[in-house]
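Hi all, thanks for squeezing me in. Have a look at this one on the screen, and then I'll talk you through it.

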Amino acid sequence: MTDRHQIRQQIRQARRRLTTAEQDAAARTIAQRVAGTPHLASARRVALYLANDGELDPQPLIDWYWSRGTQVYLPVLHPFSPGHLLFLRYAPDTALIANRFGIPEPRLDVRLLLPKAELELIYTPLVAFDAAGNRMGMGGGFYDRTLSGWHRGQGPRPVGLAHDCQQLAAIPTDHWDVPLPELLTPSRHWRW
Ligand SMILES: Nc1nc2c(c(=O)[nH]1)N(C=O)[C@@H](CNc1ccc(C(=O)N[C@@H](CCC(=O)O)C(=O)O)cc1)CN2
Ligand SMILES: Nc1ncnc2c1ncn2[C@@H]1O[C@H](COP(=O)(O)OP(=O)(O)OP(=O)(O)O)[C@@H](O)[C@H]1O
């Protein structure tokens with residue numbers, strides 16, 4: 001077993017153990033934190049995700065963005081480019097279908113597709129993070145590929161969302177890993 005595999009299993013289990021009340025409180029706290037952070041609150045087009053496997057639930061944040069007219073997008077697995085994501089518009093009436101991981105996503109419709117360069121922020125799910133901004137995901141490399149150009153000015157800035165229990169002392173990194181410039185947990189706003 002690799003380090004990464006063990007870390008993923010351990011942290012995924014820790015976040016699945018959070019109670020519904022803890023999850024709800026965390027989700028509401030994050031929405032309030034974004035609302036009080038001007039550069040996050042003012043974004044016009046943002047990508048979020050639908051919570052899976054104990055992830056911090058962005059739904060209250062999505063509702064808040066909707067309420068102020070911000071355009072919200074969700075990741076959709078690319079139908080023929082393995083490991084890549086597309087971003088589709090998400091509105092309260094958007095039809096969702098489960099992808100091959102069982103995560104709901106908008107049904108593919110080119111009219112709802114936004115080139116990622118037109119997003120201002122990508123809120124990224126993650127499994128684990130450390131105090132240097134290193135991020136470990138579910139292992140598909142989807143967000144690493146999506147974010148590979150952002151620090152060269154190509155593409156939107158990522159903002160990690162996580163529970164405090166997902167922090168590790170140090171995450172083993174590879175050359176393709178994209179460190180986060182910013183991450184929100186219920187107790188802290190990290191900026192690197
Ligand atoms: N909520 C959410 N949506 C997301 C992601 C995410 O991390 N969270 N992704 C971020 O990349 C993409 C999906 N990536 C995923 C990668 C692996 C698994 C997963 O469950 N892997 C299983 C093995 C599954 C299998 O191969 O059948 C596992 O690790 O147990 C799930 C999602 C796009 N959407
Ligand atoms: N920019 C990239 N270009 C090509 N392959 C990549 C890129 N980024 C990651 N990969 C590949 O994706 C695989 C998974 O990477 P990794 O385990 O770091 O994913 P992750 O960060 O956990 O997942 P995710 O980014 O989806 O949350 C690796 O085998 C790696 O080779």
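**One helix and two ligand shells**

Let's start just after α4, where G69 takes a positive phi of about 85°. By α4 I mean a DSSP run: helices are H or I with at least four residues, strands are E with at least two, and both are numbered from the N terminus.

Before going on: this is a predicted model, where local features need pLDDT of at least 70, side-chain atom pairs count only at pLDDT 80 or more, and totals for chains, interfaces and linings use all residues. Residues are numbered from 1 along each chain as its sequence is written, while chains are lettered from A and ligands numbered from 1 in the order in which they are written. The protein averages a pLDDT of 97 (the predictor's per-residue confidence, from 0 to 100), and the model scores ipTM 0.94 and pTM 0.97.

Back to α4, residues 59–67: L61, I62 and Y65 are its buried residues, meaning 20 or more other C-beta atoms, placed from the backbone, lie within 10 Å of their own. Seen down the axis of α4, they fall within an arc of 100°, so they line one face of the helix; the arc is taken from the directions from the helix axis to the C-beta atoms.

Now the ligands. Around ligand 2 there are 14 residues, with G137, G141, F142, Y143 and D144 the closest; "around" means a C-beta atom, placed from the backbone, within 6 Å. Helix α5, residues 142–147, gives the most to that shell, with four residues. Ligand 1 has 16 residues around it, and F101, P125, M138, G140 and F142 come nearest.

Key: Buried ≥ 20, exposed ≤ 12 C-beta atoms within 10 Å, placed from the backbone.
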